[in-house]
Amino acid sequence: MDRGTRWLNAEQQVAWRAYLLGTARLMAKLDDDLRQFGLGINDYEILVRLSEAPDRRLRMADLADRLHQSRSRLTHTVGRLEAAELVRRTSCTSDKRGVWAELTDAGFSLLEQAAPYHVEGVRENLVDLASPEDFAAVGRVFDSVSEHIGQR
């Protein structure tokens, strides 16, 4: 073993493993909850990001970056959503290589139906389990993680 390794102490190890298990269970639960709408958590996040964008559309490359997904994975997922008529892809007129992903009216309507259930699941299975101070701390920690990793 490398003597320079900064091993986690027992308390840190417990917290790390709780994070791993809790995150896996939370994401599985939220994903399962969305299945009644024919969506998975990744599909839902795509619809949300598009709904929040001007004209309910984003360039595929920007959408991939915002979701931290590979372009090929996003292309596959958007293709499924397009087949379900929830999203449509169109060429960018200003840049012939660019492609827009646009939320359709049907996609927006489905999002409006699913969002209350999803938000309730987030509240019930995460937000309401923590004090406001603890929840704010989680946000600060992951802002730091994103900032740190994003610098590499």
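Where does α5 bend, and which proline follows within four residues? The views below come from a predicted model.

**View 1. Helix α5 bends at A114.** The bend is about 35 degrees. The proline that follows within four residues is P116. Helix α5 covers residues 105–125, 21 residues in total. From its first C-alpha to its last it reaches 30 Å, close to the 30 Å expected at 1.5 Å a residue.

**View 2. One set of α5 residues is buried.** The set is G107, L110, L111, A114, H118 and G121. A114 thus appears twice in these legends: as the bend site and as a buried residue. An α-helix has 3.6 residues a turn, so residues three or four places apart point the same way. The buried residues of α5 pack against two helices, α1 (10–34) and α2 (41–52), and against strand β3 (99–103).

**View 3. E120 on helix α5 is partly exposed.** E120 is found in α5. Is E120 buried, exposed or partly exposed? Its relative accessibility is 44%, so E120 counts as partly exposed; the class lies between the cut-offs of 20% and 50%. The C-alpha atoms of E120 and L30 are separated by 9.8 Å. Along the chain, these two residues are 90 residues apart.

**View 4. Three strands form an open, antiparallel sheet.** The strand order is β1-β3-β2. Strands β1 (57–59) and β2 (87–91) stand at the edges. Each has a single partner strand, so one side of each is left without a neighbour in the sheet. From one strand to the next, the twist averages 25 degrees. Five bridges join β2 and β3 in the antiparallel sense. S91 has its bridge partner, V99, in β3.

**View 5. Helix α2 lies across the sheet strands β1, β2 and β3.** Relative to β3, α2 runs at about 95 degrees. Helix α2 is also one of the elements that the buried residues of α5 pack against.

**View 6. The largest nonpolar core holds 27 residues.** Which of them touch the most other members? They are L39, I46, L47, L50, L63, L74 and V87. At least two core residues come from each of α1, α2, α3 (60–67), α4 (71–83), β3 and α5. Helix α2 gives the largest share, six residues. In soluble globular proteins, nonpolar side chains tend to be buried together.

**View 7. The contacts of L47.** Neighbours within four places in sequence are left aside. L47 is then in contact with L39, L81, L86, V87, L103, G107 and L111. Among these partners, G107 and L111 are buried residues of α5.

Note on methods
Residues are numbered from 1 along each chain as its sequence is written. This is a predicted model: local features need pLDDT of at least 70, side-chain atom pairs count only at pLDDT 80 or more; totals for chains, interfaces and linings use all residues. Side-chain values use heavy atoms; hydrogens and water are left out. The expected span of a helix is 1.5 Å times one less than its number of residues. The bend at a residue is the angle between axes fitted to the seven residues ending there and the seven starting there. Buried means under 20% relative accessible area, exposed over 50%, partly exposed in between (1.4 Å probe, protein chains only). Contact means heavy atoms within 4.5 Å. Two strands pair if DSSP finds at least two bridges between them. Axes are lines fitted to C-alpha atoms, for helices over the stretch in contact, and angles run from 0 to 180 degrees between N-to-C directions. A nonpolar core is a set of buried Ala, Val, Leu, Ile, Met, Phe, Trp, Tyr and Cys residues joined through side-chain atoms within 4.5 Å.
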